[in-house]
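Student: I would like a close look at one part of this protein. Please take me through a single helix and what lies around it.

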Amino acid sequence: ATSLTGRRPPVATASRNGPRAAPGDTRLKLAPPHAGLRSRGNRALGPKPPARDPRIPGFGAARVGATVTTHMVAGAVAGILEHCVMYPIDCVKTRMQSLQPDPAARYRNVLEALWRIIRTEGLWRPMRGLNVTATGAGPAHALYFACYEKLKKTLSDVIHPGGNSHIANGAAGCVATLLHDAAMNPAEVVKQRMQMYNSPYHRVTDCVRAVWQNEGAGAFYRSYTTQLTMNVPFQAIHFMTYEFLQEHFNPQRRYNPSSHVLSGACAGAVAAAATTPLDVCKTLLNTQESLALNSNITGHITGMASAFRTVYQVGGVTAYFRGVQARVIYQIPSTAIAWSVYEFFKYLITKRQEEWRAGK
């Protein structure tokens, strides 16, 4: 048919992708029936997946969406496992840092020390005090990792937006240490007194009661300033080294167990060796060795300066590095366990949370 003007009216045509509007037709155009579907030839394969956010390379340390609760739970589990697994070596380290050990407690190396402790004092002797350590490690590491992750992100956004800042990593580690040591210091005091050779304490409650009655509540925080003096540089070196190695071994920050283990082990070794003198002084403040006290005028070693002076008077410069071997051997697997367990549980919890949200 033709119109009065003699022209044929516009006709809508069809195509493989659906109806095609006639020329000049301003009516709403319907989408093809399989719009938004992937196809191979003439077969529809289902909806296209959503575009991947480039900020989210994987479930690694930079994973967007991990909550404070996730960091705290993952940190608590990592801290408890780390201290429980490494506790026998920690016992040896405490004894090897003794300034004037009993002749029966002089050890040549870590393995020989561990073997002699088990053979002469019983199989479970290196584990004495583990319960108080695990009790303190849970909340201490929960605060530690949650604070670190929050501050690292906040400071990095200010110092180096969209990238990684070593200054931010070090500063976040220092602040996180304040919370960690505040929660952990009383447990450290009890633990180290129970680890010493010929310790009179067989139960945690006996040790806590004796320290409280004889030295007062302040004894549980006598080494806090020295602990901070040691742990602030330790954690700054530790976190900066870990993040630096992650940039090389795991630049996309995916969940990569081998990179977390290797980076954590190297970071722990470097930080431990550099801060051994401070750890020796901390051990002296916690244990208050009787022989060392005899060389101190006040009768009690009450501060970092006093501890440094006493260590030098008793053993000279070399005394500052007592137990360095045990400390490094302890920290290598310790930090490797902590980081690998922390990253695993953060990955697992975050993944479960996202699957739960997707299924709602």
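Tutor: Start with a term. A helix here is a DSSP run of H or I with at least four residues, and helices are numbered from the N terminus. Keep in mind that the model is predicted.

Now the part itself. K191 has its place in helix α4. That helix covers residues 166-195. The protein chain as a whole comes to 11 helices and four strands.

Look at K191 more closely. Its relative accessible area is 3%. Buried means under 20%, so K191 is buried. Buried residues make up 46% of the 360 residues in the chain. What does K191 touch, leaving out residues up to four places away in sequence? The list is Y87, D90, G129, V132 and T133. Contacts between residues far apart in sequence are also common in the chain as a whole: of the contacts with a separation of 6 or more, 71% are between residues 24 or more positions apart.

Next, follow α4 to a helix that packs against it. Two packed helices are described by the angle between their axes and the distance between the axes. For α4 and α8, the angle is about 80 degrees and the axes are 9 Å apart. An angle from 65 to 115 degrees counts as roughly perpendicular, so α4 is roughly perpendicular to α8. Which residues meet there? From α4 come E188, V189, Q192 and R193. From α8 come K282, T283, N286 and T287. Sorted by class, this contact has one nonpolar, four polar and three charged residues.

Helix α4 also helps to line an empty space. Rolling a probe the size of a water molecule over the atoms shows where empty space is left. The structure holds one cavity of 30 Å³ or more. The volume of the largest cavity is about 370 Å³. It is lined by 27 residues, and those closest to its centre are E82, H83, H180, Q235 and Q331. Which helices each supply at least two residues of the lining? They are α1, α3, α4, α6, α8 and α11. So both partners of the packed pair, α4 and α8, are on that list. Helix α11 gives the most, with seven residues. By class, the lining has eight nonpolar, 10 polar and nine charged residues.

To put it together: α4 holds the buried K191, packs against α8 and supplies part of the cavity lining.

Note on methods:
Residues are numbered from 1 along each chain as its sequence is written. This is a predicted model: local features need pLDDT of at least 70, side-chain atom pairs count only at pLDDT 80 or more; totals for chains, interfaces and linings use all residues. Side-chain values use heavy atoms; hydrogens and water are left out. On a 1 Å grid over the protein atoms alone, a cavity is a set of points where a 1.4 Å probe fits but cannot get out, and a pocket is an open set with protein on both sides within 12 Å along at least five of seven lines; lining residues have an atom within 4 Å of a point. Grid points are joined across faces, edges and corners, and a volume is the space filled by probe spheres set on the points. Ala, Val, Leu, Ile, Met, Phe, Trp, Tyr, Cys and Pro count as nonpolar, Asp, Glu, Lys and Arg as charged, and the others, Gly among them, as polar. Axes are lines fitted to C-alpha atoms, for helices over the stretch in contact, and angles run from 0 to 180 degrees between N-to-C directions. Angles under 35 degrees count as roughly parallel, over 145 as roughly antiparallel, 65 to 115 as roughly perpendicular and the rest as oblique. Contact means heavy atoms within 4.5 Å. Buried means under 20% relative accessible area, exposed over 50%, partly exposed in between (1.4 Å probe, protein chains only).
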